[in-house]
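Dear colleague,

I am handing over the structure below for your consideration. Please look through it before reading the notes that come after it.

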Amino acid sequence: PKWLLGGLSMLAGFGLQAVALAFGPVALVQPIVVLELAFAIPFGIFRRCRRAGMREWAGIIAVMCGVAIFLLTANPRKGIQDPPTADWIASLVPVAVVAAIAVAAGAARRGPTRAMFLGSAAGLAFGVLSVLTKAVTHLLSVDVARAFVTWQVYVAIGVGIVALLVSQSAYQAGPLAYSMPFVGVLEPLIAVVIGDVVLGEQVRATQTQVVLEIAAAAVAVVGIVLLTTSQTVLSIYEEQPADDRAAIG
């Protein structure tokens, strides 16, 4: 039942993300998704009757402040809704090649290194999926029948399946600390870059604003690393319930 509830929650979350992408630019929605850590981890700590220390609270504050400052500074604008196929190919193919190399490297290794490579591939795949989801929501809003004869719909489904499988393999390969930082950092990064290159979702780019955006992103990354390497957080995610141990035994 818990596994089914988790799966349904994940699908509901993706549905809400798709709705958000239908109304806002990728460069706005995807950084907000990173905030899931700032909510999921306190919930996990509370549920396991643990106590958050300075490290955990610092990580939560860093993620929230970093994302908030980035969005306020960047103020991404809506781009074009239906970019040329050539632009898609020029952006997606290089990312797909890097992701494939990461999967191949992860498959040849074990332990933490495997988790890091697979986590990187998952982050790249989720970033691509968010941009494709943005495109699909637009196609569906224009003409549902026509949408299902476009390549974006089926590529999005394929990328979604790959992203899910690779991410689960990454989490299974080692502790959360080795894979989650790569997923949390690469997903919004790739989404913002492709959103800017393919969809034309420009962000403010004066010298001062670029410095602030980089600093804010760095703060958010530090927060992600603090949270995903916290011993308290690791103990929550790696703890196996007594009834599960009994069932395995």
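The notes below concern one helix pair, one pocket and one cavity.

Please bear in mind that this is a predicted model.

Helix pair. Helix α5 (residues 85-107) and helix α8 (residues 151-173) have axes that come within 14 Å and cross at roughly 20 degrees. Angles under 35 degrees count as roughly parallel, and α5 and α8 are therefore roughly parallel to each other. The crossing of α5 past α8 is left-handed. On the α5 side, Thr85, Trp88, Leu92 and Val103 make the contact, and on the α8 side Trp151, Gln152 and Val166 do so. By class, this contact has 5 nonpolar and 2 polar residues, with no charged ones.

Pocket. The second largest pocket holds about 490 Å³ of space. It is lined by 23 residues, of which Phe70, Pro188, Leu189, Val192 and Ala217 are the closest to its centre. Two or more lining residues come from each of α4 (54-74), α9 (176-197) and α10 (207-228). The lining comprises 17 nonpolar, 2 polar and 4 charged residues.

Cavity. The largest cavity has a volume of about 50 Å³. Its lining consists of Gln30, Val33, Val34, Glu36, Leu37, Met180, Gly184, Glu187 and Pro188. At least two of these residues are supplied by each of α2 (26-33), α3 (36-47) and α9, with α9 giving the largest share, 4 residues. By class, the cavity lining divides into 5 nonpolar, 2 polar and 2 charged residues.

With kind regards

Note on methods. Residues numbered from 1 in each chain as written. Predicted model: local features only at pLDDT ≥ 70, side-chain atom pairs only at ≥ 80, totals over all residues. Heavy atoms only, no water. Axes fitted to C-alpha atoms, helices over the stretch in contact; angles between N-to-C directions. Parallel < 35°, antiparallel > 145°, perpendicular 65-115°, else oblique. Left-handed = near helix turned anticlockwise from the far one by under 90°. Contact = heavy atoms within 4.5 Å. Nonpolar A, V, L, I, M, F, W, Y, C, P; charged D, E, K, R; others polar. 1 Å grid on protein atoms, 1.4 Å probe; cavity = no way out; pocket = protein on both sides within 12 Å on 5 of 7 lines; lining within 4 Å. Points joined across faces, edges and corners; volume = space filled by probe spheres on them.
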